[in-house]
Every structure is written in C-alpha cells, then in structure tokens.
2 protein chains.
Amino acid sequence: METKPTEISSSKMFGGFNKRYKHYSPILGCNMTFHIYFPPASSTSNKVPVVYFLSGLSCTDENFIIKSGAQRAASIEGVALIVPDTSPRGLNVEGEADNWDFGIGAGFYLNATEEKWKNWRMYDYVVKELPKLLSENFRELDTSRASISGHSMGGHGALTIYLKNLEKYKSVSAFAPIANPMNCPWGQKAFTNYLGTNKADWEEYDATSLVAKYHDVSATILIDQGEDDKFLHDQLHPHKFEEACRGAGVPLLLRLQPGYDHSYFFIATFIDDHIKHHAQALRLL
Amino acid sequence: METKPTEISSSKMFGGFNKRYKHYSPILGCNMTFHIYFPPASSTSNKVPVVYFLSGLSCTDENFIIKSGAQRAASIEGVALIVPDTSPRGLNVEGEADNWDFGIGAGFYLNATEEKWKNWRMYDYVVKELPKLLSENFRELDTSRASISGHSMGGHGALTIYLKNLEKYKSVSAFAPIANPMNCPWGQKAFTNYLGTNKADWEEYDATSLVAKYHDVSATILIDQGEDDKFLHDQLHPHKFEEACRGAGVPLLLRLQPGYDHSYFFIATFIDDHIKHHAQALRLL
C-alpha cells in the first residue's frame, strides 16, 4: 500500500510529457491512477500552475488525456493538467458495476454518507488528498496556483468544488455540466444512494443551490454547452444554473454551441478557450 | 449487401463534421466502415480536396478520428480527411484474429495472392474502390485533388501507394512508417503469408525498393519519426528509405523527433505540419 505515486507510463506530447501514476489512496481505501501533463516549461526552478480536469460518467483518468487535445494549449500557456479517475475501483462493493451511471466510474465528486458507499469520497480525494500528494511529490508544480474544469459529471464536480473552495481555485470552467443534479435523473439516483433521502444534504453538492450561498466569485465562470447534446434537456439544466448566477450576481459566460453534442469532439473544439481562460486567471496572481 | 455508404454516426467538431459510414465492399467481400471529416468549407458548390489517412496495426477507422486532433488543421485548411479501416473484417478466415500484427487489423495495404487470404485486397480498396465510392456519393468532395498520409503500417501504405500512383496523389507524408518491410519481422511475416515466398513480389510493396523505380516525385516527401519509438530499430528503418531516396534523387524531409514514441501523442504533436504540407500541395494545382 504505497501512498507515494509510482510512474506507470510516460509519453512526450507537444514538447512536454503525459505521465500516468498509481498510488494507494487512504481516503478512498484503494489504489488509484491519475495523469499529469507536464508542459515543457515545467521544472523545479520554474514551477507551473495546475488545472484540474474532472471527467464524466464511465470515464477514467485516460479519456481526457487521449481525446481532448488539451496538451497543445497547456504546452503553449505553461500550465500542467491534472486528471484524476472518476471513482474508487476494485473494492468489490455489491452492485458497484451494475450501472454505468452509478458506482464505478460515477463518484459524483462527493463524500458519500450512506454506509454501503463509505469509500466513495471523491470530494475529499480531489480537494484534499490529491493536491497534498502533488505538492509533496512533484516539485515542478505550484499547487497553490490552481484552477478547475470538467465535463458532464465532472463539470458538476468542478462547479461545486470551486464554489465551496473559492480560496483554493482561481477560476472554473465546464463542458456540458450536470448543473442542477437534484433535479435530474442521474443526480437523483446518485444522491439518493450516496447521501440518503434528506434533500438538505443534496444541496451541498448542487451547483445551482450552492451559487446563492457562495457568491463571492471574481473570475467569470465559463461554460460551453452543445445545443445538440442529447442530455441537455433531461439531465444538464445549464439554464437553471444561469438563473441562479443571475440571482446571486455571479459572473457567468454560458456559451450555447449550435450543432455540438456531448462528446470529446465537442470538448476538443473548445478546450483551447478553457485553457486560456484558466491561464489568464492563474497569471493574474 | 448495400454498396452505397450509409451514415452511422455524425459529430460536429471544429465547425465541420466527423461522419462514419458503412458499406458493402465488393473488392473485399465484406462490410466495411470508414470515416470522413468534412471541414466547414465543404459544400456541393465548394468541393474540397481530400487527404487519405491510413492507420497502423490493430487500428480501425476510429483511432485517427478520436486521437489525432487533425480536424483542427483540416478545418482551417479546408481539406477533408478520409480514414479507411485497416483490413477486411467478419470473413471468419481461420487464424485471422490470432495475431495483432497479421490478419484482422493488419491488411498491409496490398493485394494478397495466396488463396487463403484472397479477400485481403486493401491496395485496390484504397486506390480504386474507395475513391470511386467517394466521388459517386459525396458531391462535397473533389477526389481528383487527393493526398495521402499514414502511420506505421499505414505509413508504409501511404508511401507505396503514392509511389505507384504519382498521377493520383499530389503529396505524401508518414508518421513512423514501416519503410522497408521486406527487411523487418512485421513485413516478412505479412508478405510471406499474403504474397508467398517470391521476394520479387514483395518489392512491389516495399517503399525502399519502389523509390528507385518511381522517382518522378515533385512534392517533397515528409516523414516524422520519434527517436524513442521502440519499433524504430527493428521494424521501421526510415534510414534505408532515406538512402534509397538519396540514390534516386527523390526529395525527402525526414525529421527525427527527440523523445517521441510510436503513439498518437506523437502524431497529435506534428499532425498540423502534415495537414499544411498536403494543403499546400493541393492548392498548387
């Protein structure tokens, strides 16, 4: 049970390196993998800021690294990309692999309170364990300068984690986030199983609920949403979040992109804008 | 057995569309899939030139579309990308799936002469059937303006198909091509099984052999090769091809890229240069 990360692969890309690591996570109680893209500018004498990217349902730490093409802009802007996995794995909890939208690959970036899912603590893993692990083991990274982004379930993760930790992250963005999970089938299924039936507990992990409480947002929130996304109307509800931002005076740029779907082809098209958005916020320190 | 292509998926990317098609191929005797990326500029009143991309061992028509990020430059340059599969599939030839480097996913872009593999005619499929199919069914494409590229086994395919059809393609490029298959284990295994043991027949599908015969090359051949590619010394032999080009007076730009491996991360890093290389040749018509 080695908590120190071990490198398991390395590939050069745009002058920097995609590196994959394995480590034992005490918070989750299992081995986990994550990816870092180190831009060419990173070194122990030139620590670079970090952008976390949280992935969506059924993804691992590999999808974004393989499909987004984000490394191109990260190389140019001189920011590292940190890509965690989406849930604990290998715990053999009964039913953990029965659904693609719940259990394995579907941690929803929360701390579960129901006994059965007690290892599902992706919120603490992303907010606490991973940043500490990075700052202790990678002297090329300046984890005090951090921003956060994500897709779908990971967009939900990015928005909620950002709002609850405004002092930790300089900016946030999301692609097609689950923006109001309390009011969609994916979120209701996950929250009922992980958190129980008390809806007051759900509000702690719902971006649309949180924005009224945590409204001291300085950097504009950037969201891209494909208009041909088949999950837009039933699951994502970006307009609910937009309405809440307007009510709370939180600056939001919600871009509706005609013809785009929910896939990584959509992410790849607009990822440069997101990386630049974060690099600018990180440089303004 | 529908020879006309049927669209099976469509995703918007960089203003254009990735579309996947299925059709029955009379030449191969099975159903085949291929991808087209249509840049936003393409229409029936503005036909765009095409760049074929041939993939490597074990790939399908999906890998390049998902991993290369080539659509970004293709969108800017106004060229369509045509990505075929790498072999016939579903024929149930005995042993066809026993090896990742032979049979399914390993057509080597040749016309097999051994009876057992008589359906393996990827050369005729790419050079004859597919261009005809495209020109008959996609009025947004100008298939008379075509260039060709590929990776590894597909780099071998691109170089050999180009050299043997200089009138059909305006330019060629390759990533880590199998440049002298007669003299490497992958090529020897494939050629023995598909073509028999007469080495004179092998020369027809060996870029290093062909370049002496077909040397009327006008556009410089572009090859990128990662120096940390684990297949470089045993399988790829770009320096043999370089030597043959020098002997034949064929213009070659062989770029050795320090630190890069054989993966799509390497392709993604340099694909923009290749798309620009072809767009320039296609514009000079």
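These are my notes on how chain A meets chain B, and on two residues of chain A.

**Entry 1: the model.** I am working from a predicted model. I kept that in mind for every entry below.

**Entry 2: extent of the interface.** I began with the contacts. On the chain A side I found 22 residues, and they touch 21 residues of chain B. I then looked up the buried area. The two chains bury about 1,700 Å² between them. Carbon and sulfur atoms carry 57% of that area. Which residues of chain A lose the most area to chain B? They are A:Lys12, A:Ile66 and A:Phe265. Together these three make up 36% of what the chain A side buries.

**Entry 3: polar and charged pairs.** I looked for salt bridges between chain A and chain B, and the count is zero. Polar contacts do turn up. I noted eight residue pairs between the two chains, with both residues at pLDDT 80 or more.

**Entry 4: which elements take part.** Four elements of chain A each supply at least two residues to the side that touches chain B. I listed them as strand E1 (6-13), helix H1 (63-67), helix H2 (71-77) and helix H10 (264-283). Which of the elements gives the most? H10(A) does, with five residues. I also sorted the residues on this side of chain A by type. Nine are nonpolar, eight are polar and five are charged.

**Entry 5: A:Lys12.** I went back to this residue, one of those that lose the most area to chain B. A:Lys12 sits in strand E1 of chain A. Is A:Lys12 buried or exposed? A:Lys12 is buried, yet it has no salt bridge. I checked for the nearest side chain of opposite charge and got B:Asp228, 7.7 Å away. What I did find is a backbone partner. A polar atom of the A:Lys12 side chain lies 2.8 Å from the backbone oxygen of B:Pro258. Not counting residues up to four places away in sequence, A:Lys12 touches A:Phe17 in its own chain. Across the interface A:Lys12 touches B:Pro258, B:Gly259, B:Tyr260, B:Phe265 and B:Phe266.

**Entry 6: A:Phe14.** I moved on to the loop between E1 and strand E2 (16-25) of chain A, where A:Phe14 is found. I record A:Phe14 as buried because its relative accessibility is 16%, and the cut-off is under 20%. Leaving aside neighbours within four places in sequence, its contacts in chain A are A:Tyr37, A:Pro40, A:Gln71, A:Arg72 and A:Ser75. In chain B, A:Phe14 is in contact with B:Tyr260, B:Ala268 and B:Thr269. I also took one distance along the chain. A:Phe14 and A:Leu134 are 120 residues apart in sequence, and their C-alpha atoms are separated by 22 Å.

Technical notes
Residues are numbered from 1 along each chain as its sequence is written. Chains are lettered from A and ligands numbered from 1 in the order in which they are written. This is a predicted model: local features need pLDDT of at least 70, side-chain atom pairs count only at pLDDT 80 or more; totals for chains, interfaces and linings use all residues. Side-chain values use heavy atoms; hydrogens and water are left out. Contact means heavy atoms within 4.5 Å. Buried area is the accessible area (1.4 Å probe) that two parts lose on being put together, summed over both. A salt bridge is a side-chain nitrogen of Lys or Arg within 4 Å of a carboxyl oxygen of Asp or Glu. A polar contact is a pair of N or O atoms within 3.5 Å; within protein, one must be able to donate a hydrogen and the other to accept it, and residues adjacent in sequence count only if both atoms are side-chain atoms. Ala, Val, Leu, Ile, Met, Phe, Trp, Tyr, Cys and Pro count as nonpolar, Asp, Glu, Lys and Arg as charged, and the others, Gly among them, as polar. Buried means under 20% relative accessible area, exposed over 50%, partly exposed in between (1.4 Å probe, protein chains only). Lys and Arg count as positive and Asp and Glu as negative; His and the chain ends are not counted.
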